[in-house]
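User: Could you walk me through reading this model? I'd like to start with confidence and then look at the fold.

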Amino acid sequence: MCRRIEERRDRSIHLIARELPVRAPHGLWVAGEHADYVFFDSSIGPVRQYQIIAHELGHMLFDDDTAAADTRELLAMLSPEMDHSTVRKIQQRTTYAELAELRAELFGTVAVQRTQTWSSLSQSRPAAPEQLARLIETLEGRAPRP
């Protein structure tokens with residue numbers, strides 16, 4: 001799935017496992033100038049790791065905005081001595097009340113549910129543009145186009 005998203009976005013994706021503090025977000029996508037970086041918690045089980053990674057990949061597929069954290073905030077997030085005010089600021093930006101977060105969470109969950117069939121998907125043909133448009137309309141709660 002990462003390879004296909006890299007091809008679609010024409011940029012590499014780096015998956016970076018870190019043992020994150022309990023109060024930190026469990027995943028974060030940062031769009032760099034030439035590549036995408038997905039941080040995820042290495043201290044949790046593999047199924048949850050896959051779901052977090054797929055959640056962040058969902059943000060990429062739906063062209064959502066990346067985390068608007070500055071370098072100090074990112075370093076603080078990855079540090080065990082995290083500043084509580086930084087944590088609150090990042091968590092506020094990652095609430096599930098937003099449509100983009102709900103959509104990415106749904107995408108991540110469905111992707112994990114499909115893990116048993118990923119090997120067969122690699123042989124399948126890519127989704128047609130109209131199929132992708134219908135998926136986006138459905139996830140965003142818009143009425144399908146006639």
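User: Which element of the protein chain has the lowest mean pLDDT, and which the highest?

Analyst: pLDDT is the predictor's confidence in each residue, from 0 to 100. Helices (H or I, at least four residues) and strands (E, at least two) are DSSP runs, numbered from the N terminus. Here helix α4 (residues 84–93) comes lowest with a mean of 48, and α2 highest with 92. The chain's mean is 75, with 66% of its residues at 70 or more. Over residues 86–92 the pLDDT is below 50, and beyond near neighbours in sequence that stretch has 10 contacts in the model, a contact being heavy atoms within 4.5 Å.

This is a predicted model: local features need pLDDT of at least 70, side-chain atom pairs count only at pLDDT 80 or more, and totals for chains, interfaces and linings use all residues. Residues are numbered from 1 along each chain as its sequence is written, and side-chain values use heavy atoms, with hydrogens and water left out.

User: In what order do the strands sit in the sheet?

Analyst: Two strands pair if DSSP finds at least two bridges between them. In this model the order is β1-β3-β2, an open sheet with mixed pairing. β1 (12–18) and β2 (27–31) are the edges, each pairing on one side only.

User: In which sense do β2 and β3 pair?

Analyst: Antiparallel, over 5 bridges, with β3 spanning residues 35–41. V30 has Y37 in β3 as its bridge partner.

User: Which strands does helix α2 touch?

Analyst: Helix α2 (residues 46–61) packs on the sheet and touches β1, β2 and β3. Its direction makes about 150° with that of β3; axes are lines fitted to C-alpha atoms, for helices over the stretch in contact, and angles run from 0 to 180 degrees between N-to-C directions.
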